[in-house]
Amino acid sequence: MILAKNCAPHCRISLPAEADAVTSYAADELRHWLGEILGTFPLTAHDVRPGDILLRPDPAMAAESYRYSTEEGCLVIRGNGRGLLYGV
């Protein structure tokens, strides 16, 4: 997965349109720390394209757990509650 190319962001951070406070905070943290290294990453609430980083809350997971996976060319970070933040 390419995060940046020629000192410019090459991926986006995607979160659900109805993101809860934890998911929004996780996206802000990810954007901040990646921005320290690569530049500012735009957030998107609706569309997904290959190469994006997807933040997905998953209440079916154990409390405070997280999991990384890939789907259709995207990095997916799933977590339950603070677990999503820990995954970031």
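This report describes charged pairs, a buried threonine, the cysteines and a surface patch in a predicted model.

**Salt bridges**

Side chains of opposite charge can pair when their charged atoms come close. The structure holds five salt bridges, and the table gives three of them, with the separation of the closest N and O atoms in each pair.

| Basic residue | Acidic residue | Closest N and O atoms |
|---|---|---|
| Arg49 | Asp52 | 3.9 Å |
| Arg67 | Asp58 | 3.5 Å |
| Arg82 | Glu64 | 2.3 Å |

The pair formed by Arg49 and Asp52 joins residues in contrasting surroundings: Arg49 has a relative accessibility of 42% and counts as partly exposed, whereas Asp52, at 0%, counts as buried. With a separation of 3.9 Å, this pair falls within the 4 Å that a salt bridge allows between a side-chain nitrogen of Lys or Arg and a carboxyl oxygen of Asp or Glu.

A partly exposed arginine is also set against a buried aspartate in the pair of Arg67 and Asp58, since the relative accessibility of Arg67 is 39% and that of Asp58 is 17%. The value for Asp58 places this residue under the 20% limit that is used for buried residues.

For the third pair in the table, Glu64 and Arg82 approach to 2.3 Å between their closest N and O atoms. Glu64 belongs to the loop between β5 (53-57) and β6 (66-71), while Arg82 belongs to helix α2 (residues 82-87), so this salt bridge ties together parts that lie 18 residues apart in sequence. Both partners count as partly exposed, Glu64 with a relative accessibility of 36% and Arg82 with one of 47%. Beyond the individual pairs, Arg12, Arg49 and Asp52 are joined into one network by salt bridges that share partners.

**Thr23 and its surroundings**

Thr23 is part of helix α1, which spans residues 21-37, and with a relative accessibility of 1% this threonine counts as buried. Its side chain makes a polar contact of 2.6 Å with the side chain of Asp20. When neighbours within four places in sequence are left aside, the residues in contact with Thr23 are Leu15, Pro16, Leu55, Pro57 and Leu84.

**Cysteines**

How many disulfides does the structure hold? The number is zero. Cys11 takes part in no disulfide, and the nearest cysteine sulfur to its own, that of Cys74, is 9.4 Å away. Seen from the other side, the closest cysteine sulfur to that of Cys74 is in Cys11, and the separation of 9.4 Å is too far for a bond, because a disulfide requires the two sulfur atoms to be within 2.5 Å. Both residues count as buried, Cys11 having a relative accessibility of 2% and Cys74 one of 3%.

**A nonpolar surface patch**

On the surface, Tyr66, Tyr68 and Tyr86 form a nonpolar patch, and together these three tyrosines have about 340 Å² of accessible area. One of them, Tyr86, is found in helix α2, the helix that also contains Arg82 of the salt bridge with Glu64. The relative accessible area of Tyr86 is 42%, so this residue is partly exposed.

How values were computed. Residues numbered from 1 in each chain as written. Predicted model: local features only at pLDDT ≥ 70, side-chain atom pairs only at ≥ 80, totals over all residues. Heavy atoms only, no water. Buried < 20%, exposed > 50% of the residue type's maximum accessible area, 1.4 Å probe, protein only. Helix = DSSP H or I, 4+ residues; strand = E, 2+ residues; numbered from the N terminus. Polar contact = N/O pair within 3.5 Å; in protein donor to acceptor, adjacent residues only side chain to side chain. Contact = heavy atoms within 4.5 Å. Patch = residues over 30% accessible without salt bridge, like charges linked within 9 Å, V, L, I, M, F, W, Y side chains within 5 Å. Areas by Shrake-Rupley, 256 points an atom, 1.4 Å probe, with all protein chains shown as cover.
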